[in-house]
Amino acid sequence: MSTHHPSTDDTNSRPKAVLFCPECGHESPLTGDWIVRENAGRTTHTCPACDATVGDRRRPEPALAY
Ligand SMILES: [Zn+2]
């Protein structure tokens with residue numbers, strides 16, 4: 001039997017959830033000025049500067065609800 005250690009996700013090691021726009025380099029926290037759209041249960045963040053879709057997340061992160 002082996003003990004399970006809680007694996008550290010490198011996505012969790014960041015102090016703040018910040019999204020970057022790959023198109024224009026716009027930078028803002030998840031709760032920033034992104035245009036948030038919900039589509040079929042998925043949340044899409046759209047850049048307010050160039051209208052590019054940023055951060056295509058496939059699963060919701062309940063940790064954000066802390
Ligand atoms: Zn942009």
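Biologist: At its relative accessibility, does T46 count as buried or exposed?

Modeller: This is a predicted model, so every value here is computed from predicted atoms. Buried means under 20% relative accessible area. T46 has 1% relative accessibility, so T46 counts as buried.

Biologist: Where does T46 sit in the secondary structure?

Modeller: T46 lies in strand β4, which covers residues 42-46.

Biologist: Which residues is T46 in contact with, leaving aside neighbours within four places in sequence?

Modeller: A contact is a pair of heavy atoms within 4.5 Å. With those neighbours set aside, T46 touches W34, I35, R37, D51, A52 and T53. R37 also appears in a polar contact: its side chain meets the side chain of T46 at 3.4 Å.

Biologist: Take T53 from that list. Which strand holds T53?

Modeller: T53 belongs to strand β5, residues 53-54. Its relative accessibility is 48%, so T53 counts as partly exposed. Beyond its neighbours within four places in sequence, T53 is in contact with T44, H45 and T46.

Biologist: What separates the C-alpha atoms of T53 and W34?

Modeller: The separation is 9.6 Å, for two residues 19 apart along the chain.

Biologist: Back to β4. In what sense do β3 and β4 pair, and over how many bridges?

Modeller: Read the direction and the bridge count together. Strand β3, residues 35-39, pairs with β4 in the antiparallel sense over 5 bridges. As one residue-level example, V36 stands opposite H45 in β4.

Biologist: How many residues lie between the strands in the hairpin of β3 and β4?

Modeller: There are 2 residues between the strands, and A40 takes a positive phi near 55° in this hairpin.

Biologist: Now the metal. Which protein atoms are the donors of the zinc ion?

Modeller: For zinc, look for N, O and S atoms within 2.8 Å. Here the donors are the SG atoms of C21, C24, C47 and C50, lying 2.3 Å from the zinc ion. Along the sequence, the donor residues follow the spacing C-x2-C-x22-C-x2-C.

Biologist: Why is the arrangement around the zinc ion tetrahedral?

Modeller: Check the angles. Four donors count as tetrahedral if all angles lie between 85 and 135 degrees. The 4 donor atoms here subtend angles of 102 to 116°, so the arrangement is tetrahedral.

Biologist: And accessibility at the site: does C21 count as buried or exposed?

Modeller: C21 has 5% relative accessibility, so C21 counts as buried. C24 has 42% relative accessibility, so C24 counts as partly exposed.

Terms used: Residues numbered from 1 in each chain as written. Predicted model: local features only at pLDDT ≥ 70, side-chain atom pairs only at ≥ 80, totals over all residues. Heavy atoms only, no water. Helix = DSSP H or I, 4+ residues; strand = E, 2+ residues; numbered from the N terminus. Buried < 20%, exposed > 50% of the residue type's maximum accessible area, 1.4 Å probe, protein only. Polar contact = N/O pair within 3.5 Å; in protein donor to acceptor, adjacent residues only side chain to side chain. Donors = N, O, S within 2.8 Å, 3.2 Å for Na, K, Ca; no water. Tetrahedral: all angles 85-135°; square planar, octahedral: opposite > 155°, others 65-115°. Pairing = 2+ DSSP bridges.
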